[in-house]
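Here are some notes to read beside the model, set out as numbered points. Please keep the sequence and the 3D view open while you go through them.

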Amino acid sequence: MFRRSKPYLIVGLGNPEREYRGNRHNVGFMVLDQLADRLETSFSKVKMQALMTAIRWNDERLILIKPQTYMNLSGQAVSSFISFYKLPLEHLLVVYDDVDLPFETLRLKPNGGDAGQKGVRSIIQQLGTQQFPRLRVGIGRPPGRTPVSSYVLQDFSSAEKELLPIVLDQAASAVLHFIEHGLESAMTLYNQQPTA
């Protein structure tokens with residue numbers, strides 16, 4: 001009997017208010033916006049505390065979500081979608097900012113801790129496991145004595161903004177490669193630095 005494959009759930013982390021739109025902490029949302037543009041879709045529906053869009057691409061069903069709960073409660077929406085669609089965790093990819101990676105650097109990983117990223121911490125708590133794929137998008141360390149909490153809520157610098165479209169495009173490509181060819185292949189191809 002033919003069984004339809006489970007959809008892939010691609011999650012971008014960020015904060016929903018307009019004032020946060022250009023923040024480094026919202027690069028997960030930015031990657032998903034880039035991905036939606038490339039797939040010619042838009043986030044037109046709200047479901048289970050997330051902006052979402054669903055699309056078929058290369059015979060795969062994709063669900064893209066941007067949780068609207070604020071960063072530190074992101075796991076609520078993610079766990080709801082996982083439960084509702086009965087998804088295996090290897091069909092989940094979480095995209096988020098990482099201060100431990102230099103700007104322009106991408107890193108795909110099969111699992112791991114939260115490294116202080118509160119959205120990832122919330123997802124780990126809600127799912128009860130660290131065993132899910134993620135795409136870390138480097139935003140670099142704060143300069144001088146700037147606290148990390150302040151740095152991530154600042155917009156990208158002018159110099160970074162010039163390179164950001166390239167980074168977002170590469171990240172979107174990494175997501176699609178993950179879906180089409182699997183995590184190992186995507187790690188081999190995209191875990192390089194820099195993206196340009």
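How many bridges join S6 to S7, and in which sense do the two strands run? S6 and S7 are joined by 4 bridges and run antiparallel, where strands count as paired if DSSP finds at least two bridges between them.

1. Basis of the note. The model is a predicted one, in which local features need pLDDT of at least 70 and side-chain atom pairs count only at pLDDT 80 or more, whereas totals for chains, interfaces and linings use all residues. Residues are numbered from 1 along each chain as its sequence is written, and side-chain values use heavy atoms, with hydrogens and water left out.

2. Overall make-up. The protein contains 6 helices and 7 strands, both being DSSP runs numbered from the N terminus, with helices (H or I) of at least four residues and strands (E) of at least two. Along the sequence these elements follow the pattern β-α-β-β-β-α-β-β-α-β-α-α-α. The radius of gyration is 16 Å, which agrees with the value near 16 Å that a compact globule of 196 residues would have; this radius is taken over C-alpha atoms, and the globule rule is 2.2 Å times the number of residues to the power 0.38. Of the 196 residues, 51% are buried, a term that means under 20% relative accessible area, while exposed means over 50% and partly exposed lies in between (1.4 Å probe, protein chains only).

3. The sheet. The 7 strands form an open sheet with mixed pairing, in the order S2-S3-S4-S1-S5-S7-S6. Strand S2 (45-47) and strand S6 (106-109) stand at the edges with a single partner strand each, so one side of each has no neighbour in the sheet. From one strand to the next, the twist averages 25°, with axes fitted as lines to C-alpha atoms (for helices, over the stretch in contact) and angles running from 0 to 180 degrees between N-to-C directions. At the S2 edge, 3 bridges join S2 to strand S3 (residues 50-57) in an antiparallel arrangement, and Lys 45 has Met 52 in S3 as its bridge partner. Helix H2 packs on the sheet, where it touches strand S1 (8-12), S2, S3, strand S4 (60-67) and S5, and its direction makes about 155° with that of S4; a contact here means heavy atoms within 4.5 Å.

4. Strand S7. Is S7 enclosed or open to the outside? Because 5 of the 5 residues of S7 are buried, this strand is largely enclosed by the rest of the structure. Both of its faces are covered, with Arg 134, Arg 136 and Gly 138 buried on one side and Leu 135 and Val 137 buried on the other. S7 pairs with S5 in the parallel sense over 5 bridges, and Leu 135 of S7 stands opposite Val 95 as well as opposite Leu 108.

5. Helix H3. The buried residues of H3 (residues 118-127) are Gly 119, Val 120, Ser 122, Ile 123 and Ile 124, and their cover includes helix H2 (74-85), strand S5 (92-98) and strand S7 (134-138). At the start of H3, a side-chain oxygen of Gln 117 comes to within 2.7 Å of the backbone nitrogen of Gly 119. Just after this helix, Gly 128 takes a positive phi of about 75°.

6. Thr 53. This residue is found in strand S3 and counts as buried, at 6% relative accessibility. The side chains of Thr 53 and Thr 41 are joined by a polar contact of 2.5 Å, that is, a pair of N or O atoms within 3.5 Å in which, within protein, one must be able to donate a hydrogen and the other to accept it, and residues adjacent in sequence count only if both atoms are side-chain atoms. In addition, a polar side-chain atom of Thr 53 lies 3.2 Å from the backbone oxygen of Ser 42.

7. Positive phi values. Most residues other than glycine have a negative phi. Asp 59, in the loop between S3 and S4, nevertheless has a positive phi of about 65°, and this residue is exposed, with a relative accessible area of 65%. Glu 104, in the loop between S5 and S6, has a positive phi near 85°, but Glu 104 is buried, with a relative accessible area of 16%.
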